[in-house]
Amino acid sequence: MAKPATQRPKLPSVGRLGLVEPTAAADLERLEWNSDAHVELLWSLSRAPDADEALRAMVRLADAVGRDWDELNQALL
């Protein structure tokens, strides 16, 4: 049974974001972009010409900056 509109989750699914790579959910988890605080950022990601490539780039960036990822993540928000 479908949930009423008021009970739908605010956080979009990977499919709704246009992400088709099998690793997309894990990549979002890796970036800690799995909370309602990141909804606007996720929709921005989905508007990239290739959302999967944009997500992979963000994962590579997070890996490159290491411990400074939290600071960059806050700046992105």
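Which helices do the buried residues of H1 pack against? Keep that in mind while you set up the view.

**Before you click**

What you have open is a predicted model, where local features need pLDDT of at least 70 and side-chain atom pairs count only at pLDDT 80 or more, while totals for chains, interfaces and linings use all residues. Residues are numbered from 1 along each chain as its sequence is written, and side-chain values use heavy atoms, with hydrogens and water left out.

**The whole chain**

Start with a cartoon view. You'll find 4 helices and 0 strands, running α-α-α-α from the N terminus. Helices (H or I, at least four residues) and strands (E, at least two) are DSSP runs, numbered from the N terminus. Of the 77 residues, 29% count as buried; buried means under 20% relative accessible area, exposed over 50%, and partly exposed in between (1.4 Å probe, protein chains only). Switch on the surface and you are looking at about 5,400 Å², with carbon and sulfur atoms supplying 53% of it. That area comes from the Shrake-Rupley method with a 1.4 Å probe; for residues, only the protein chains shown count as cover.

**Helix H1**

Now select residues 24-31, which make up H1, and show the side chains of its buried residues: Ala24, Asp27, Leu28 and Leu31. They span an arc of only 100 degrees around the axis, which puts them on the same side of H1. The arc is that of the directions from the helix axis to the C-beta atoms.

Back to the opening question: these buried residues pack against helix H2 (39-46), helix H3 (51-65) and helix H4 (69-76). Step just past H1 and you reach Glu32, whose phi is positive, near 65 degrees.

**Two buried stops**

Pick Met58 in helix H3. Met58 counts as buried because its relative accessibility is 17%. Leaving aside neighbours within four places in sequence, Met58 is in contact with Leu31, Trp33, Trp69 and Leu76; contact means heavy atoms within 4.5 Å. Try a distance label, too: the C-alpha atoms of Met58 and Asp27 are separated by 8.9 Å, though the two are 31 residues apart along the chain.

Next, go to Asn73 in helix H4. Asn73 counts as buried as well, at 4% relative accessibility. Not counting residues up to four places away in sequence, Asn73 touches Leu31, Trp33, His38 and Leu41.

**Salt bridges**

How many salt bridges does the structure hold? There are 4, each a side-chain nitrogen of Lys or Arg within 4 Å of a carboxyl oxygen of Asp or Glu.

Show Asp63 and Arg30, whose side chains meet at 2.6 Å, N to O. Asp63 lies in helix H3 and Arg30 in helix H1, so this pair ties together parts that are 33 residues apart in sequence. Asp63 is partly exposed at 48% relative accessibility, and Arg30 is partly exposed at 34%.

Then select Glu21 and Arg56, another salt bridge, with the closest N and O atoms 3.8 Å apart. This pair links distant parts of the chain: Glu21 sits in the segment before H1 and Arg56 in helix H3, 35 residues apart. Arg56 also meets Glu53 in a salt bridge (2.7 Å, N to O). Arg56 and Glu53 both lie in helix H3, 3 residues apart, about one turn of the helix.

For a last selection, show Glu21, Glu53, Arg56 and Arg60 together: they are linked in a network of salt bridges.
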